[in-house]
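Biologist: Could you take a close look at the cysteines and the nonpolar packing in this one for me? I'd love a connected account.

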Amino acid sequence: MLFALTESRDEALVATRDDVEVRAFVADVEGAWDEDWLCEVDKAWDAMHRCLTDGTLRLGRHGGGPLELAVLGGGQHYEGGEYIVAHILADQVPAVAEALDSVDEAWLRERYDLIDPDDYQGALEDEDFEYTWHYLQDVRNFYKRAAAVGRSVIFTVDQ
């Protein structure tokens, strides 16, 4: 899931001190289920992140520009291995939105076809690509909305 945070929620996340507090924070955000400020990505996040980065699931920034921030590339707020909370700062969100706006289906397909099948748990096939492309369009629109109002974004997923 992606969630666009208000400034006060962003500050609350930054103020968390440990994994227990981070999980409680995310549970609160999820519990509010503000449909205007969330974006479901189902399992498409895996291929999406690989396509937007170096083809792997490495967390954090790697010098590849704003596309790598879109899913797993933000600052990490959870230290345990069973959960991920990636935080894209409000001042980074416009660059992510702009970069995502330049991604077209042909570019994504080219990147998708480079995913190492031995490192990917899904089936690298047309149906999976279409699934990823569909969700990427939702993510693009979500980042545009968040950028327009100055919100930060978090991506959360259980491992």
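**Cysteines and core**

Modeller: Happily! The sulfur of C39 lies 16 Å from the closest cysteine sulfur, that of C51, which is too far for a bond. C51 is likewise in no disulfide, its nearest cysteine sulfur being that of C39, and the structure holds zero disulfides (a disulfide being a pair of cysteine sulfur atoms within 2.5 Å). Please keep in mind that this is a predicted model, where local features need pLDDT of at least 70 and side-chain atom pairs count only at pLDDT 80 or more, while totals for chains, interfaces and linings use all residues. Residues are numbered from 1 along each chain as its sequence is written, and side-chain values use heavy atoms, with hydrogens and water left out.

C39 counts as buried at 5% relative accessibility, and C51 is buried at 0% (buried means under 20% relative accessible area, with a 1.4 Å probe and protein chains only).

Now to the packing. The largest nonpolar core (buried Ala, Val, Leu, Ile, Met, Phe, Trp, Tyr and Cys residues joined through side-chain atoms within 4.5 Å) has 40 residues, and L2, L100, Y143 and F155 have the most contacts inside it. Among the elements giving two or more residues to this core are β1 (2-5), α3 (44-52) and β5 (152-158) (DSSP runs numbered from the N terminus: helices are H or I of at least four residues, strands E of at least two). The largest share, eight residues, comes from α6.

Leaving aside neighbours within four places in sequence, L2 is in contact (heavy atoms within 4.5 Å) with residues including C39, Y143 and F155. Apart from this core lies another, of 13 residues, among them M1, F3, V29 and L38.

Key. Buried means under 20% relative accessible area, exposed over 50%, partly exposed in between (1.4 Å probe, protein chains only).
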